[in-house]
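Reader: I have a model on my screen and a few labels I'd like explained. Can we go through them together?

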Amino acid sequence: MFEDQMDKVRITFDEWAISGRSELMEKEHSKTVLKFLNSVPFDKPFSFLDVGCGNGWVVRKIAQLKNCKKAVGIDKSKNMITKANSKKKSLKELYLKADIQSWKFRNKFDYIFSMESLYYLSPMESGLKKIYRLLKPGGQFFCGTDFYSDNKATTHWSEMMKLPLDLRSKKQWKKTFEEIGFKTKTKQVKDPSNRKKWKQEFGTLFIIGTK
Ligand SMILES: C[S@@+](CC[C@H](N)C(=O)[O-])C[C@H]1O[C@@H](n2cnc3c(N)ncnc32)[C@H](O)[C@@H]1O
């Protein structure tokens with residue numbers, strides 16, 4: 001309980017949920033995330049988990065797909081989960097307040113997704129191992145990050161947010177996934193129309209891990 005009260009990540013995002021920043025993140029992240037997700041066929045019935053779902057915008061989108069049977073979003077911020085529940089569009093969606101490290105869930109997923117969330121675990125290995133366990137054999141983890149050391153414009157974020165963030169290079173992200181047991185690929189999704197130079201030149205790094 002005491003630990004939870006002191007959790008700076010949770011406190012930060014509880015505030016962001018109230019101040020409208022979850023919608024700003026949705027706007028900022030959606031261009032590259034949707035470009036990436038639109039390239040996934042989702043051609044068989046599937047279950048989906050979003051780790052660090054924020055206001056639930058990805059879960060809402062995915063739940064609209066015909067083959068989606070269940071889309072779950074977890075977030076350690078209670079206010080983010082309240083926000084996600086208030087925006088809920090379908091019975092396929094489920095939002096739970098949980099920290100990925102301690103979350104207990106019986107079912108396994110076909111796809112797990114996470115955007116700009118994993119590096120709040122510093123180091124990220126414990127969360128990544130948990131995600132691996134939560135995937136069915138052959139299941140895939142799509143992990144999006146704008147925060148990676150090759151993308152120099154973002155490397156000051158830890159200082160800016162006053163939070164210990166786990167900064168790694170593209171090569172290190174890939175190696176970390178492989179050490180957990182994933183077959184791993186990476187993809188940089190750029191946004192040529194964005195006014196930010198780094199979005200045009202580096203974009204969002206997706207690490208695609210297959211169990
Ligand atoms: C930068 S926000 C991104 C939110 C959302 N994915 C988006 O793109 O709009 C990071 C989110 O991850 C959540 N988060 C951070 N660490 C977490 C953990 N260990 N377990 C669950 N959620 C976590 C935060 O509470 C926050 O809502």
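Author: Sure, let's begin with Ile180: leaving out residues up to four places away in sequence, Ile180 touches Leu128, Lys129 and Tyr132. Keep in mind that this is a predicted model, where local features need pLDDT of at least 70, side-chain atom pairs count only at pLDDT 80 or more, and totals for chains, interfaces and linings use all residues. Residues are numbered from 1 along each chain as its sequence is written.

Reader: What makes a pair like that a contact?

Author: Two residues are in contact if their C-beta atoms, placed from the backbone, lie within 7 Å.

Reader: And why is Ile180 called partly exposed?

Author: A residue is buried with 20 or more other C-beta atoms within 10 Å of its own, exposed with 12 or fewer, and partly exposed in between. Ile180 has 18, so partly exposed is the label. This residue is found in helix H8 (residues 170-180); helices are DSSP runs of H or I with at least four residues, strands are E runs of at least two, and both are numbered from the N terminus.

Reader: How do you know that the size of the protein agrees with a compact globule?

Author: The rule is 2.2 Å times the number of residues to the power 0.38, and the radius of gyration is taken over C-alpha atoms. For 211 residues that comes out near 17 Å, and the protein has 16 Å, so the two agree.

Reader: Why do you say that the buried residues of H5 line one face?

Author: Those of H5 (residues 78-86) are Met80, Ile81, Lys83 and Ala84. Seen down the axis of H5, they fall within an arc of 160°, so they line one face of the helix. The arc is that of the directions from the helix axis to the C-beta atoms. They pack against helices H2 (8-19) and H3 (21-37) and strands S2 (68-75) and S3 (93-97).

Reader: What surrounds the ligand?

Author: There are 23 residues, and the closest are Phe13, Met25, Gly52, Gly54 and Ser117. To count as near, a residue needs its C-beta atom, placed from the backbone, within 6 Å of the molecule. H2, H3 and S2 each give two or more residues to this shell, and H3 gives the most, with three.

Reader: Which residues of the largest nonpolar core touch the most other members?

Author: Of its 47 residues, those are Phe48, Val58 and Ile112. A nonpolar core is a set of buried Ala, Val, Leu, Ile, Met, Phe, Trp, Tyr and Cys residues joined through C-beta atoms within 7 Å.
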